[in-house]
Amino acid sequence: MDELRWWPVVGLAFGTALGFAGAFGGVAAFLIVLVLGVVGLLAGRALIGDLNLRELLGGRRHP
């Protein structure tokens, strides 16, 4: 199955989680879920090689 077909489902699940966090936990819970979701996204992309953390964090550049 094509990997790109899963992104709308992942987005729906993340949006639902944010909705529940905002509805039952308030703004603080909403922000915690949002930040942890972004951290998880970045970690997952780094693990599969789609993201270079050295470039993201402003690592040393070689001429």
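L42 is partly exposed in the predicted model, with a relative accessibility of 33%. This residue lies in helix α1 and belongs to a nonpolar surface patch that also includes F14, V27, F30, L31, L34 and V38. Together, the residues of this patch have about 540 Å² of accessible area. For the chain as a whole, the exposed surface amounts to about 5500 Å², of which 69% is supplied by carbon and sulfur atoms. Buried residues account for 3% of the 63 residues in the chain.

The secondary structure consists of two helices, and the number of strands is zero. Helix α1 spans residues 7-48 and has 42 residues. A straight helix would reach 62 Å at 1.5 Å a residue, yet the end C-alpha atoms of α1 are only 16 Å apart. A kink of about 150° is present in α1, and its centre is G25. After α1 comes G49, a residue with a positive phi near 90°.

The relation between sequence and space in this part of the chain can be illustrated with one pair of residues. G19 and F30 are separated by eleven residues in sequence, while their C-alpha atoms are 7.6 Å apart. G19 is located in helix α1 and is partly exposed, its relative accessible area being 40%. F30, for its part, is one of the members of the nonpolar patch described above.

Aromatic contacts were also examined. A pair of aromatic rings is described by the distance of the centres and the angle of the planes. The structure holds one such aromatic pair. The pair is formed by F20 and F24, with a centre-to-centre distance of 5.8 Å and an angle of 10° between the planes. The arrangement is classed as stacked because planes under 30 degrees apart fall into that category. F20 and F24 are both in helix α1, and because they are four residues apart, about one helical turn separates them. The accessibility of F24 was considered as well: its relative accessible area is 70%, so F24 is exposed.

Terms used
Residues numbered from 1 in each chain as written. Predicted model: local features only at pLDDT ≥ 70, side-chain atom pairs only at ≥ 80, totals over all residues. Heavy atoms only, no water. Phe/Tyr/Trp six-rings, centres within 6.5 Å; stacked < 30°, edge-to-face > 60°. Buried < 20%, exposed > 50% of the residue type's maximum accessible area, 1.4 Å probe, protein only. Areas by Shrake-Rupley, 256 points an atom, 1.4 Å probe, with all protein chains shown as cover. Expected span 1.5 Å × (residues − 1). Bend = angle between axes of the 7 residues up to and from the residue. Patch = residues over 30% accessible without salt bridge, like charges linked within 9 Å, V, L, I, M, F, W, Y side chains within 5 Å. Salt bridge = Lys/Arg side-chain N within 4 Å of Asp/Glu carboxyl O.
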